[in-house]
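Q: I am new to this structure and would like to learn how to read it. Could you take me through a few features, step by step?

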Amino acid sequence: MNTILVINSGSSSLKFGLFVNHNGDEHPIARGNADAIGADNGKLEIVDEQGNNVFKETQHLDSHKTAFNQIAKCLASLKYGPPCAIGHRFVHGGPHLVAHQRITEDVLAELQKAVHFAPLHIPAAVELIRYTEKIFPQVPQFACFDTAFHQTMPEAAYRFAIPEQYFAEGVRRYGFHGLSYASIVYALGKDLPSKVVVAHLGNGASLAAIADGKSVDTSMGLTPTGGIPMGSRTGDLDPGVSLFLMRVHKLNDAAIETLLNHDSGLKALGGTNDMRVLQQASGEGDHNASLAIEIFCRSIAKTIASYASVLGGLDLLIFAGGIGEHSSAVRANVCQRLEFLGIALDAERNQASSPVISSDTSKIAVRVMVTEEEKQIARHCRALLEQPVKS
């Protein structure tokens, strides 16, 4: 059947999809998710192409390897057969791995050298690749990098104002959520205008300025911690704050990393990283919840306005990601701050999360779109699979 198996691993989850090419594009014939890996209440669920549950079970999944082994067994029992390729999502590949490519021993060695760019993600991802090689020894595997989409940024966008020696070591803006942005560009196709800003808003959140389908700026930087405040991440922060924490509170690098990535953002401001809970609390008069939402939306609007400057105008604003797709209140809050650009929402369309939520009189179109990262990985893998293997 020439299926491509896509693996998208998180810290305690593993999403996957099995894709087949039909009429020139990838279509899922099975999707699934292994949740709560490492906990006693782990869950594994698989749905078919119609969205019907074909497997659902609560079980202890002690590691990503265990989860993948169970997934492979389930797919085999459902008669899907072995894939012709396996694609892995990589958040970061360091300074030298910035293009989607077939996984070789040299690629794995380069990933090991880049561990300090993503110490929590890369080792686990490499370990999972090694394991999938054992289960499917003859199946080619591919690495798809979230940073690849942003390689079109000009030097003025990716350079930091620090000494040259650090840039030479790879300290620069990489940008992330690239597979999400690429999937949106692909989905719009010929309807993609010249000047676009995409706001990918979820527990991790970023924005990208896209000119003629190419990334020219993005909010995340060296790591996914930078940019706007997120669920539990600070976003951009005065570097002096980290120095203060080191000098006054004697926090070491591990403690600072935990604070910046896991104990900050909406969680620190409002007590939770769940936007739905924050909105309910705000509606009940909770000042901290209201402040968290205010800071979040204000930061998004500021970034969109700055990207309108980068692009020389704005034709289309897109909301994506869990919050972007489902929170009409966040979208309305952000767009109200951008009325000076000519943005006007249609309240009913926004409330219904319609594909187009701008009013007919809005100078700038505003859309809500679903990102399809796994499908985009399958597209990249299919294209790479058809390329000759370099000797």
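Q: Let me start with one residue: does Phe 149 count as buried or exposed?
A: Welcome! Keep in mind that this is a predicted model. Buried means under 20% relative accessible area. Phe 149 has 15% relative accessibility, so it counts as buried.

Q: Which ring does Phe 149 pair with, and how is such a pair described?
A: In general, a pair of aromatic rings is described by the distance of the centres and the angle of the planes. Here the partner of Phe 149 is Tyr 181, in a tilted pair with 6.2 Å centre to centre and 35° between the planes. Phe 149 lies in the loop between strand 8 and helix 4, while Tyr 181 belongs to helix 6, so to speak a link between distant parts of the chain, 32 residues apart. Tyr 181 is buried too, with a relative accessible area of 0%.

Q: How many aromatic pairs does the structure hold?
A: There are five. One of them joins Phe 90 and Phe 145, again tilted, at 5.6 Å centre to centre with 45° between the planes. Phe 90 sits in strand 6 and Phe 145 in strand 8, 55 residues apart. Both Phe 90 and Phe 145 are buried.

Q: Which charged residue lies over the face of Tyr 186?
A: That is Arg 379, at 3.6 Å from the ring centre. Likewise, the charged end of Arg 172 sits over the ring of Tyr 158, 4.1 Å from its centre.

Q: Now the sheet: what is the order of its five strands?
A: Strands of a sheet pair through backbone hydrogen bonds, either parallel or antiparallel. This open sheet runs 11-10-9-12-13, with mixed pairing. Strand 11 and strand 13 are the edges; each has a single partner strand, so one side of each is left without a neighbour in the sheet. From one strand to the next, the twist averages 25°. Helix 11 packs on the sheet, touching strands 9, 10, 11 and 12, and its direction makes about 15° with that of strand 10.

Q: In what sense does strand 12 pair with strand 9?
A: The two pair in the parallel sense, over five bridges. Val 196 stands opposite Leu 316, and Val 197 has Leu 317 as its bridge partner. Strand 12 also pairs with strand 13 in the parallel sense, over four bridges.

Q: Which way do the residues of strand 12 point?
A: In a regular strand the side chains alternate between the two faces of the sheet. Leu 316, Ile 318 and Ala 320 point one way, Leu 317 and Phe 319 the other, and all are buried. Strand 12 is therefore largely enclosed by the rest of the structure.

How values were computed
Residues are numbered from 1 along each chain as its sequence is written. This is a predicted model: local features need pLDDT of at least 70, side-chain atom pairs count only at pLDDT 80 or more; totals for chains, interfaces and linings use all residues. Side-chain values use heavy atoms; hydrogens and water are left out. Two strands pair if DSSP finds at least two bridges between them. Axes are lines fitted to C-alpha atoms, for helices over the stretch in contact, and angles run from 0 to 180 degrees between N-to-C directions. Contact means heavy atoms within 4.5 Å. Buried means under 20% relative accessible area, exposed over 50%, partly exposed in between (1.4 Å probe, protein chains only). Rings of Phe, Tyr and Trp (its six-membered ring) pair if their centres lie within 6.5 Å; planes under 30 degrees apart count as stacked, over 60 as edge-to-face and the rest as tilted. A charge sits over a ring if NZ of Lys or CZ of Arg is within 6 Å of the ring centre and within 35 degrees of the ring normal.
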